[in-house]
Amino acid sequence: MARQKPGNQAGVMEKIVSLCKRRGFVYQSSEIYGGMNGCWDYGPLGVELKRNVRESWWQDMVTCHDDMSVLDGAPEAFEMCGLDCTILMDPQVWKCSGHFDLFHDKMIDCRDSKRRYRHDQVRGRWVEAKGERIFVTVNADLEAEETEARQKALKYFGYRSKDSDKLNWDVEFICLTEVSDHSRVLAPDSKELGTLTEPREFNLMFKTQVGALYDEDSVVFLRPETAQGIFVNFKNVIDSTRVRIPFGIAQVGKSFRNEITPRHFTFRVREFEQMEIEFFCNPASSQEWYRFWRDRRLDWYQRLGLSGERLRLREHDSDELSHYSTGTADIEYAFPFLAEGEFGELEGVAHRGDFDLRSHMDGKLDPKSDPLEVELGEDGKPLWRGSGRDLSYRDPISNERFVPHVIEPSGGVDRATLAFLCEAYTEDEAPDDKGNLRQRVLLSFHPRLAPIKVAVFPLVKKDGMPDRAKAIYRELKQYFNVFYDEKGAVGRRYRRMDEVGTPFCVTIDGDTIKDGSVTIRDRDSMEQRRLSVGEVITTVQKAIRSQGQEGLSCP
RNA sequence: GCGGGUGUAGCUCAGGGGUAGAGCAUCACGUUGCCAACGUGAUUGUCGUCGGUUCGAAUCCGAUCACCCGCUCCA
């Protein structure tokens with residue numbers, strides 16, 4: 001049987017989006033009012049799928065974590081616990097975390113080249129010639145900017161290279177932020193003056209306000225990540241539980257980022273759900289823990305079905321890393337909406353050192369300083385004051401005191417859900433009742449993720465089969481999400497269940513009435529076996545617990 | 001934010017200044033003996049939204065919203 005895993009050819013994503021809407025996985029938000037950019041709702045099947053992703057993560061990382069054994073690749077045994085913080089937090093949290101500064105960039109657009117620049121990153125130099133004084137900006141590095149500025153100026157004034165001495169330059173290159181009149185500015189990618197817009201603020205954090213009365217002091221932000229809630233509760237968790245380092249705190253929840261360009265279905269959205277762990281460890285062993293978490297998180301996606309070439313681990317190059325981070329890896333998936341060879345991030349596993357805890361102790365650290373120091377304002381005081389609380393940790397055995405280092409595996413629930421959907425989408429061919437091959441569309445989810453685990457069908461709607469089938473439906477319902485259907489031809493019912501990824505269909509026929517046995521049909525192979533109802537339960541349970549691709553077919 | 005494309009039934013799409021179309025899907029009844037195409041019947045729309053031109057607009061024009069592609073952005 002030819003089975004195709006569609007690649008990046010045009011139309012696959014459209015088919016997935018269409019199926020998602022048609023079968024109740026994902027709808028556009030506020031659709032009857034025309035839709036809301038970058039917002040998507042999960043329908044009745046989508047909510048089950050997403051819950052299964054989220055709960056699989058929570059079970060595997062937290063509730064089912066074995067804190068007595070040393071896991072493969074781990075330096076030692078460790079504990080895990082959970083947390084659920086509010087979306088609204090003290091605004092100082094975001095000032096110390098760095099989000100406040102980072103998310104308030106001023107941007108300028110060039111009307112001519114249609115390019116956009118960060119206001120504080122455009123540099124240039126004043127030059128005077130032919131009685132005209134203009135500010136020439138450049139795209140180049142610090143070393144090359146002088147040469148490029150000269151060439152641009154010569155071209156603008158219509159001079160040849162030998163006329164360089166006719167240009168009267170100001171001494172210094174300065175930042176565009178120091179130039180108020182943009183009409184005299186030659187933009188980096190333009191040949192005419194005055195094409196830059198005024199700087200505009202991009203508020204990447206959603207702003208709201210607490211209390212009925214609005215004033216400046218009541219402004220708060222919707223969190224742009226869940227992680228900070230963990231850092232600011234680090235001391236609470238240490239003080240109120242008996243956890244000892246090394247240990248991890250996990251949290252799942254909504255976060256909000258005012259993306260400039262939401263795109264690609266649920267991939268880049270403004271409201272999204274994160275599943276994050278902050279793992280606290282001794283600085284001496286942090287490198288080993290980083291490698292452990294990086295490999296373990298990749299393994300998690302693989303076990304749930306993303307095992308092919310479309311999933312990869314990408315270590316950041318050293319020039320991509322903050323100097324205080326000694327490692328970051330992205331777990332990436334080749335989504336069908338991306339160009340061939342491109343991957344989209346599912347999860348980032350970052351070694352964050354002690355940057356976050358120290359920032360919440362002493363004040364926001366300057367990420368460019370090395371060694372890290374508190375960033376100072378113009379008055380010489382900390383730009384953003386920390387909590388002043390001591391967030392260091394004293395090891396009760398060695399008596400060593402240190403600020404823990406942090407490994408942060410931070411994944412997107414919506415992105416993982418989308419990746420599982422894309423990976424599951426399969427087209428193959430199967431014979432119809434006359435033996436002609438027909439196209440079949442199926443979602444080959446791992447049984448653990450499938451919204452519906454079992455469908456129960458009476459083969460035909462007579463001879464007592466529906467009653468018997470309903471009794472079996474009720475029995476299975478105690479264990480799984482089960483769907484009952486007695487309408488139309490059984491083949492059609494099978495295909496409908498294939499399309500929403502139900503791994504098993506149980507069919508009640510004449511023999512069921514006689515001896516209680518039923519047939520169970522496997523979604524992927526379409527093979528059937530005859531079992532007792534009790535065996536159906538163990539079969540489905542086994543498949544749900546299975547790892548990777550094994551166990552997807554009937555035993 | 002810029003440029004290009006698209007928007008008609010739940011889905012895929014045709015049509016095009018004068019009563020809104022097809023296939024699939026859905027529902028009912030009958031039929032049924034294991035892989036979507038059995039029969040009969042039924043439901044479905046302010047033609048994305050708002051405004052303009054016109055005797056008359058789903059059709060022409062403008063604006064707007066959303067989606068797709070390319071820039072930009074991706075902290």
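Is K364 buried or exposed, and what is its relative accessibility? K364 counts as buried, at 6% relative accessibility. The legends below describe close-up views of a predicted model.

**Figure 1. K364 and D101 form a salt bridge.** The closest N and O atoms of the two side chains are 2.9 Å apart. K364 lies in the loop between α9 (355-362) and β20 (393-394), while D101 belongs to helix α4 (residues 99-102), so the contact ties together parts that are 263 residues apart in sequence. The two partners are described by separate accessibility values: K364 is buried at 6%, whereas D101 is partly exposed with a relative accessible area of 26%.

**Figure 2. E273 meets R54 in a salt bridge.** The N to O distance for this pair is 2.6 Å. E273 sits in strand β16 (residues 271-281) and R54 in helix α2 (residues 44-63); the pair links distant parts of the chain, 219 residues apart. E273 is buried, with 7% relative accessible area, and R54 is partly exposed at 24% relative accessibility.

**Figure 3. R314 and E332 form a salt bridge between two strands.** The closest N and O atoms are 3.1 Å apart. R314 is in strand β17 (residues 311-315) and E332 in strand β18 (residues 327-333), so the salt bridge ties together parts that are 18 residues apart in sequence. R314 is partly exposed, its relative accessible area being 24%, and E332 is buried at 6% relative accessibility.

**Figure 4. K50, R54, E273 and D414 belong to one salt-bridge network.** These four residues are joined through salt bridges that share partners. One of the pairs is that of E273 and R54, at 2.6 Å from N to O. In the structure as a whole there are 37 salt bridges.

**Figure 5. Seven strands make up an open sheet with mixed pairing.** The strand order is β4-β15-β16-β22-β19-β18-β17. β4 (79-82) and β17 are the edge strands, each pairing on one side only. From one strand to the next, the twist averages 20°. Inside the sheet, β18 and strand β19 (residues 344-353) run antiparallel to each other and pair over seven bridges. A329 stands opposite V349 of β19.

**Figure 6. Helix α10 packs on the sheet.** This helix spans residues 413-424 and touches β15 (247-256), β16, β18, β19 and β22 (405-412). The direction of α10 makes about 110° with that of β16.

**Figure 7. C20 and C39 are shown in a structure with zero disulfides.** A search of the whole structure finds no such bond. For C20, the closest cysteine sulfur is that of C422, at 7.9 Å, which is too far for a bond because a disulfide needs the two sulfur atoms within 2.5 Å. C39 is in no disulfide either; its nearest cysteine sulfur belongs to C20 and is 17 Å away. C20 is buried at 0% relative accessibility. C39 is buried as well, with a relative accessible area of 16%, so it falls under the 20% limit for a buried residue.

**Figure 8. T502 lies in a loop and is buried.** The loop runs between α12 (490-499) and β27 (504-508). The relative accessible area of T502 is 0%. Leaving aside residues up to four places away in sequence, T502 touches I452, K453, V454, A455, M497 and R523.

**Figure 9. Residues 1-8 and 550-555 have pLDDT under 50.** For residues 1-8, the model has 30 contacts beyond four places in sequence. The stretch 550-555 has 18 contacts beyond near neighbours in sequence. Where pLDDT is low, predicted coordinates should not be read in detail. Chain A averages a pLDDT of 88, and 94% of its residues score at least 70. The model scores are ipTM 0.91 and pTM 0.87.

Definitions and conventions. Residues numbered from 1 in each chain as written. Chains lettered and ligands numbered in written order. Predicted model: local features only at pLDDT ≥ 70, side-chain atom pairs only at ≥ 80, totals over all residues. Heavy atoms only, no water. Helix = DSSP H or I, 4+ residues; strand = E, 2+ residues; numbered from the N terminus. Buried < 20%, exposed > 50% of the residue type's maximum accessible area, 1.4 Å probe, protein only. Pairing = 2+ DSSP bridges. Axes fitted to C-alpha atoms, helices over the stretch in contact; angles between N-to-C directions. Contact = heavy atoms within 4.5 Å. pLDDT = per-residue confidence, 0-100.
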